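Visitor: I should like to understand how the terms used for a protein structure are justified. Could you please take me through them?

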Amino acid sequence: MEKSAETEHPVKAFGWAARDSSGLLAPFKFSRRKTGEEDVRFNVLYNGICHSDLHNIKNEWGTATYPLLPGHEIVGVVTEVGSKVTKVKIGDHVGVGCLIGSCHTCKNCSNHLENYCPKLLLSYNSTYYDGTMTYGGFSDTMNLPLASGAPLLCAGITTYSPLKHFGLDKPGLHLGVVGLGGLGHVAVKFAKAFGLTVTVISTSTSKKEEALKHLKADAFLVSTDPAQLQAAAGTMDGIIDTVSADHALQPLIDLLTTDGRLVLVGAPSQPLQLPIFPLLYGRKIVAGSLIGGMKETQEMIDFAAKHNITADIELVPMDYVNTAMDRLAKNDVRYRFVIDVGNTLEAA
């Protein structure tokens, strides 16, 4: 007889999960595996809401397995450690991002590129080695300033990694950041800390004052204004594109210098059109980047601590999560929702 999510493992757990593509989240009883010799168990205190959570609960990428319990910007306090764990003790604060495991044997993993491992194990909507589902941080317990630091475990590493990998971390370079949301506002903070000249690129002027005065961007470009696009053509060494909706790439490619790099970190649910001739004539590159490995994530956290970089958040209770998802779909948040799991998650 097949066991239910509530009985398949020995440790009882509780959270909020979606049961179908409506994306409606509701209380959900499930279970987690016992703490292994290399595991750390912790009680969840805070969990950021990423736009990928919205894509997943609504199955907009076509990969959802229900019930789906999201959450991958997680921080909490350790309650149990495995016998082989030496660097973490009970009572420590810990964090978990998108990645919780990999094969540890392939070339990617040995080079600290676990996020590109073919046997990648994700925080949720993935499958443990024993065939059972992984459930995320919209819950009370999990294996493995806190509130505003939680989003760095996804939004932070997602933007920090491509800046480093594509050489867009050198003082004096000109970087464009497309979209000023959860990813974009952190990208601006990292880029300024690296000493870059930063231009925020958006479809309207609604966030211009915040970009220039609060986030200290150097310039603001309205991508729907042909005159502004023409004036900025060929001026940017790189662009980090954080937009997860359908949008045109050619206007962004035209902003790049020769050998410029357009790096996509947003994940639209439908394919984008890629014009080839602008790439050929300018020897320009269009690339993608996905989170980062464990070593690079620690490097990012250290850099953020040194430069006092955290996410700008709106702290909400657990039972507000569906309203938060609706607002996120409308881009009505400055700039990241974080769920106060530790104080507001009540078991049914």
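Visitor: Which residue of strand 13 does I239 stand opposite?

Guide: I239 stands opposite L262 in strand 13. This is a predicted model, in which local features need pLDDT of at least 70 and side-chain atom pairs count only at pLDDT 80 or more, while totals for chains, interfaces and linings use all residues. Residues are numbered from 1 along each chain as its sequence is written, and side-chain values use heavy atoms, leaving out hydrogens and water.

Visitor: What makes strand 12 and strand 13 a pair?

Guide: Strands are DSSP runs of E with at least two residues, and helices are runs of H or I with at least four, both numbered from the N terminus. Two strands pair if DSSP finds at least two bridges between them. Five bridges join strand 12 (residues 236–241) to strand 13 (residues 256–264), so the definition is met. The two strands run parallel.

Visitor: Why are strand 11 and strand 14 called edge strands?

Guide: Six strands form an open sheet with parallel pairing, in the order 11-10-9-12-13-14. Strand 11 (219–222) and strand 14 (285–288) each pair on one side only.

Visitor: How do you know that the length of helix 9 is close to what is expected?

Guide: The expected span is 1.5 Å times one less than the number of residues. Helix 9 (residues 294–306) has 13 residues, for which 18 Å is expected, and reaches 19 Å from its first C-alpha to its last.

Visitor: Why are the buried residues of helix 9 said to line one face?

Guide: A residue is buried under 20% relative accessible area, exposed over 50%, and partly exposed in between (1.4 Å probe, protein chains only). In helix 9, the buried residues are E296, T297, M300, F303 and A304. Seen down the helix axis, they fall within an arc of 120°, taken from the directions from the axis to the C-beta atoms, so they line one face. The face turned away from them carries the exposed residues K295, A305 and K306.

Visitor: What do the buried residues of helix 9 pack against?

Guide: They pack against helix 3 (155–165) and helix 4 (182–194), where contact means heavy atoms within 4.5 Å.

Visitor: What makes a group of residues a nonpolar core?

Guide: Such a core is a set of buried Ala, Val, Leu, Ile, Met, Phe, Trp, Tyr and Cys residues joined through side-chain atoms within 4.5 Å. The largest here has 37 residues, of which L175, V188 and F190 touch the most other members. Helix 4 gives the most to this core, with seven residues.
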